[in-house]
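Hi,

Here is the protein I promised to pass on to you. Have a look at it first, and then read on for what turned up.

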Amino acid sequence: MELTLGQRKDEEVQTRVVPSPEAADQRLGLSLSPIPDEARQQLGLQPGTTGVFIQEVAPNSPAAENGLRPGDVIVSANNRDVAQPSDIQEEWARSRQQHKPILLRINRQGQSLFIALAAS
């Protein structure tokens, strides 16, 4: 039996092993942004509160099926404070790699909620 060895390009290995943040974000079904300054008071957020604002929720996505709504603020993901959409993408990708749900702490109109989202 003959065996031929070769090297793969780094890109090939990464795309097969680690999902890109963009793809992970799409599977979650959220359109995210930093919290708009004009929305802070309307949302009942204390000055200095960090988080990520949910602009849109895709129909039939894991986010929609678990009750996330536009206007919710994600304060933490897997007990990690978040300040940018990329923080959510990183935690979602990590949770998917570990085959675990992502635990989000949400601020909805001044109330804290915990929502666990599993990859479908």
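Let's start with Asp87, which counts as buried because its relative accessible area is 13%, under the 20% cut-off. Asp87 sits in helix α5, which covers residues 85-97. If you skip residues up to four places away in sequence, Asp87 touches Arg80, Asp81 and Val82. Keep in mind throughout that this is a predicted model.

Now for the helix around Asp87. Helix α5 has 13 residues, and from its first C-alpha to its last it reaches 19 Å, close to the 18 Å expected. Which residues of α5 are buried? They are Pro85, Asp87, Ile88, Gln89, Glu91, Trp92, Ala93 and Ser95. Arg96 is in α5 too, but at 25% relative accessibility Arg96 counts as partly exposed. Try finding Ala118 from there: Arg96 and Ala118 are 22 residues apart in sequence, yet 8.0 Å apart in space, C-alpha to C-alpha. After α5 comes His99, with a positive phi near 55°.

Next, strand β3. Ser76 is found in this strand, which spans residues 73-77. Is Ser76 buried or exposed? Ser76 is buried, because its relative accessible area is 4%, and the cut-off for buried is under 20%. Leaving out residues up to four places away in sequence, Ser76 touches Asp81, Val82, Leu103, Leu104 and Arg105.

On to the nonpolar cores. The largest one has 18 residues, and those with the most contacts inside it are Leu30, Leu68, Ile74, Ile88, Leu104 and Leu117. Two or more residues each come from β1 (30-34), β2 (52-57), β3, α5, β5 (102-108) and β6 (111-117). Another core, of seven residues, lies apart from that one; Ala39, Leu45, Phe53 and Val75 are among its members.

Ile74 is a good residue to click on. Its contacts, not counting neighbours within four places in sequence, are Leu30, Leu32, Gly51, Val52, Ile54, Val82, Ile88, Leu104, Arg105 and Ile106.

Time to zoom out. How many helices and strands does the protein have? There are five helices and six strands, and from the N terminus on they run α-α-β-α-β-α-β-β-α-β-β. Of the 120 residues, 35% are buried. Among contacts with a separation of 6 or more, 52% are between residues 24 or more positions apart. The accessible surface comes to about 8,000 Å², and carbon and sulfur atoms account for 47% of that.

Last, how far to trust what you see. The average pLDDT is 79, with 77% of the residues scoring at least 70. Where is confidence lowest, and where is it highest? The lowest is helix α1 (residues 10-17), with a mean of 38, and the highest is β3, at 95. Over residues 6-26 pLDDT stays under 50, and the model has 12 contacts beyond four places in sequence for that stretch. Where pLDDT is low, the predicted coordinates should not be read in detail.

So when you open the file, you could begin in β3, where confidence is highest, and then move over to α5, the helix that holds Asp87.

Cheers, and happy exploring!

How values were computed: Residues numbered from 1 in each chain as written. Predicted model: local features only at pLDDT ≥ 70, side-chain atom pairs only at ≥ 80, totals over all residues. Heavy atoms only, no water. Helix = DSSP H or I, 4+ residues; strand = E, 2+ residues; numbered from the N terminus. Buried < 20%, exposed > 50% of the residue type's maximum accessible area, 1.4 Å probe, protein only. Contact = heavy atoms within 4.5 Å. Core = buried A, V, L, I, M, F, W, Y, C linked by side-chain atoms within 4.5 Å. pLDDT = per-residue confidence, 0-100. Areas by Shrake-Rupley, 256 points an atom, 1.4 Å probe, with all protein chains shown as cover. Expected span 1.5 Å × (residues − 1).
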